[in-house]
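Biologist: Please take one part of this model and go through it closely, beginning with how the backbone pairs and ending with what is packed inside. A plain account will do.

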Amino acid sequence: KLRKIFYLTKCSRMDCWIGPSDGSNFRFKSAVTQPYKSNRGEKPPLLAELKEYMKMVHGAQEIHGYEADDALGIYQTDTSIAVHCDKDIFMVEGLHLNTMTDQITMVTDPGELHVSGKALKGTGIAFFYAQMLMGDPTDTIPSLAKGYGPVKIQKVFEGCDSESSYFDKIKTEYVNQIGLGWEERMQEQADLVYIVRNDRIKGSEYIRRFL
């Protein structure tokens, strides 16, 4: 698989990242509405051994305070390719290689949203703002309210062509749904769904610029 990645990307070097094993992921503290990743089952057998193998054989590095997802955002550059099969990481600008499809995609902001079957797919900062509404049940991140399915969310952002227009839309939704305390709820959600970038600013800090 690694040889195939080198072939597809034409890269001269590969950096591998794994998530923290010390519980230092900041999102566990940020989550207030629901405990973060609380619906996960038991960890796969031999997970610790597999992590050690990745470290010893492939030089994988463990990121602390963040997730492995964030490492791909933090270390993404103009000349790198983020290699993954995670829908969330496609919110990060730059080149991406999907390990499930072998497709290489260039992501630029503000990105785009589209409905595929029963799911909402997206790229760039547009997908971040979409997740601000729909959450992510895989990580026990609740949606803003019932009814924020793919079709409704796509309709909410219809006509948006800049980050400011996306933000204005979610602000309206949060004010209407939450009322008093909407800012705190918005910042909590931003921490949970935003993939951290090379400035290591968390989601709550990122959207605070617009509040």
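Modeller: Two strands are taken as paired if DSSP finds at least two bridges between them. The model is a predicted one, and everything below is read from it. Strand 6, residues 113-116, and strand 7, residues 119-122, meet that condition with four bridges, in the antiparallel sense. Within this pair, Leu113 is placed opposite Gly122 of strand 7. The two strands make a hairpin in which two residues separate strand 6 from strand 7. One residue of the turn, Gly117, has a positive phi of about 65 degrees.

Pairing is also found in an open sheet of three strands, ordered 3-4-5, where the pairing is mixed. Its edges are strand 3 (81-84) and strand 5 (104-107), each of which pairs on one side only. From one strand to the next, the twist averages 25 degrees. Strand 4, residues 94-98, runs antiparallel to strand 5 and is joined to it by four bridges; here Leu95 is opposite Met106 of strand 5. Helix 1, residues 2-9, packs on this sheet and touches strand 3, strand 4 and strand 5. The direction of helix 1 makes about 140 degrees with that of strand 4.

Now to the packing. In soluble globular proteins, nonpolar side chains tend to be buried together. The largest nonpolar core here has 36 residues, and Phe128, Tyr129, Met132, Leu133, Phe157 and Ile170 have the most contacts inside it. Two or more residues come from each of helix 5 (124-134), helix 6 (150-156), helix 7, helix 8 (182-193) and helix 9 (203-207). Helix 5 contributes the most, nine residues. Take Leu133 from this core: beyond its neighbours within four places in sequence, Leu133 is in contact with Ser143, Leu144, Tyr148, Ile153, Val156, Phe157, Ile170, Glu173 and Tyr174. Another core lies apart from the largest one; this other core has seven residues, including Ile63, Ala71, Ile74 and Val196.

Helix 7, which gives residues to the largest core, also holds a polar detail. Helix 7 spans residues 163-178 and contains Ser165. Ser165 counts as buried because its relative accessibility is 17%, and the cut-off for buried is under 20%. A polar atom of the Ser165 side chain lies 2.6 Å from the backbone oxygen of Ser162.

Technical notes:
Residues are numbered from 1 along each chain as its sequence is written. This is a predicted model: local features need pLDDT of at least 70, side-chain atom pairs count only at pLDDT 80 or more; totals for chains, interfaces and linings use all residues. Side-chain values use heavy atoms; hydrogens and water are left out. Buried means under 20% relative accessible area, exposed over 50%, partly exposed in between (1.4 Å probe, protein chains only). A polar contact is a pair of N or O atoms within 3.5 Å; within protein, one must be able to donate a hydrogen and the other to accept it, and residues adjacent in sequence count only if both atoms are side-chain atoms. A nonpolar core is a set of buried Ala, Val, Leu, Ile, Met, Phe, Trp, Tyr and Cys residues joined through side-chain atoms within 4.5 Å. Contact means heavy atoms within 4.5 Å. Axes are lines fitted to C-alpha atoms, for helices over the stretch in contact, and angles run from 0 to 180 degrees between N-to-C directions.
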